Structure formats: C-alpha cells, structure tokens
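Biologist: Before I use this model, I would like each label set against its definition. Shall we go through them in turn?

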Amino acid sequence: MVNIGNEWDALLADEFKKDYYLQLRQFLISEYNSRTIYPPMNDIFNALRYTSYGDVKAVILGQDPYHGAGQAHGLCFSVKRGTPPPPSLQNIYKEINTELGLPIPNHGELTEWAKSGVLLMNTVLTVREGQANSHRGQGWEIFTDKVIELLNKREQPIVFLLWGGNARSKARLITNPKHLILQCAHPSPLSAYNGFFGCGHFIKANEFLKSQGIEPINWGLSN
C-alpha cells in the first residue's frame, strides 16, 4: 500500500483501510493504467513525504495538481525546475518580494519550503491531463480533510494560509485556538488584485511563529 516514510504512516494507517480510500485506490489504478494522470504515481504523497506531522509550521492549501506535462510533482503551487513558474506562483513570489524584499527565484520548485515546515497540499491529489478538477469527488477531499483534522489536534501552533474559496472552505476544520488562520483571495491573475496582493501573510506567519517560540520560515529560495 502507501509508504510515506515518516509519522504520517501511523497517523493515516486507519484511513488507508477505509472503504472510501480503497475505492479511490481502485479508481486511481484504472486511471493511471488508461490515461495520462498527474503527478506521476510516486509523487502523489510528496507533500506529506517532505513535511512530517511534527515538522509542520505552516500549511498552504491548493485545489488540485497542475494538469500540464512536466508540472505537477505533489506539492501545491510548485513545479519542477526547468518548468516556468505558473502565473499563480509568480504572484506568490511578487508578494514575498514586496513583503520581505526577497529576490524572485528563477524557478518554481518549492521543495525547500516543504523541507522547512510548509505543508504544500492540494485538497485533491491527482488530475487527468488537460482536465482541471477531473478527480474531484472521488474521495481525495475526505482524505485531505482528515490530514487537516489531524493537524488541528496538534498542540504546537501552526499557521494555515487559506487562499481562495476552495482553501477557505476548510477553515471550518480548524477549531483549535492555538493555530492561526490567514485568509485572502487566491493568487491567480483572476483574483490576486482582490486581496492577495498586500495580504501580508508571509510577514504575519513569521511574526506568529516567532511569538510562539518557533523558528520562522525562510520564504527565500536558492536559485
């Protein structure tokens, strides 16, 4: 079955045995065997693989993976080096540059953030090539809601950055007063000017972490 390789394996062991997940697994086997699906099968759980439960400082939620060739690799908003940063990620970089004065990277791979405690998780973890939201309603939402619920139970504070309607709908799962929820518009070019630009989330996240005695996140990326 699934082997993530850290604390998530034990925390999600029961989830992987539930009927909805077994049905999702059969659906995915059929999809990967008959169509082009992103990300590659071995990258589906990269968000959890790179950021173990106890290491999570911040959570950024995406909707579903990029559906173009060579883009998705299991971290929301991230693309592998060599693939141009998509527009939403370019806007994220612009906001970080405005807030923190950090240089805009020449690539779109966010693995460094994931390894430093930013859980970069889509609410749906797979997609058909060229068909956004095509794996919606197959069970992934139940699974990723469970991940959020587990994080909500954690004693150590976490910052949840919820951008856009899909992510903001998950605020209802975050009830623990120890955590900080930051909400605004999605960084997409269609909505970034409606509140994403100027949101101050990267500064606010680090100020909150520091106030809790937690090492802030380095939002810079090496080129």
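**Labels and cut-offs**

Biologist: Which helix gives the largest share of the lining of the second largest pocket?

Modeller: Helix 2 (residues 19-34) does, with five residues. A helix here is a DSSP run of H or I with at least four residues, a strand is a run of E with at least two, and both are numbered from the N terminus. The model is predicted: local features need pLDDT of at least 70, side-chain atom pairs need 80 or more, and totals for chains, interfaces and linings use all residues. Residues are numbered from 1 along each chain, and side-chain values use heavy atoms, without hydrogens or water.

Biologist: What makes a space a pocket, as opposed to a cavity?

Modeller: Both are sets of points on a 1 Å grid over the protein atoms alone; in a cavity a 1.4 Å probe fits but cannot get out, whereas a pocket is open, with protein on both sides within 12 Å along at least five of seven lines. Lining residues have an atom within 4 Å of a point. About 310 Å³ lies in the second largest pocket, where the volume is the space filled by probe spheres set on the points, joined across faces, edges and corners. Among its 14 lining residues, Val2, Arg25, Met41, Ile44 and Phe45 are closest to the centre.

Biologist: How many strands does the open sheet have, and in what order?

Modeller: Four, in the order 3-2-5-6, with parallel pairing. Two strands pair if DSSP finds at least two bridges between them. Five bridges join strand 5 (residues 159-163) to strand 6, so by that rule they are a pair.

Biologist: Why is one side of an edge strand left without a neighbour, taking the sheet of order 3-2-5-6?

Modeller: Strand 3 (118-122) and strand 6 (180-184) each have a single partner strand, so one side of each has no neighbour in the sheet.

Biologist: How many aromatic pairs does the search find, and why is the pair of Tyr21 and Phe143 given its particular class?

Modeller: The search finds 17 in the whole structure. Rings of Phe, Tyr and Trp (its six-membered ring) pair if their centres lie within 6.5 Å; planes under 30 degrees apart are stacked, over 60 edge-to-face, and the rest tilted. Tyr21 and Phe143 are 5.9 Å centre to centre with 40 degrees between the planes, so the pair counts as tilted. Tyr21 lies in helix 2 and Phe143 in helix 6 (residues 140-152), so the pair ties together parts 122 residues apart in sequence.
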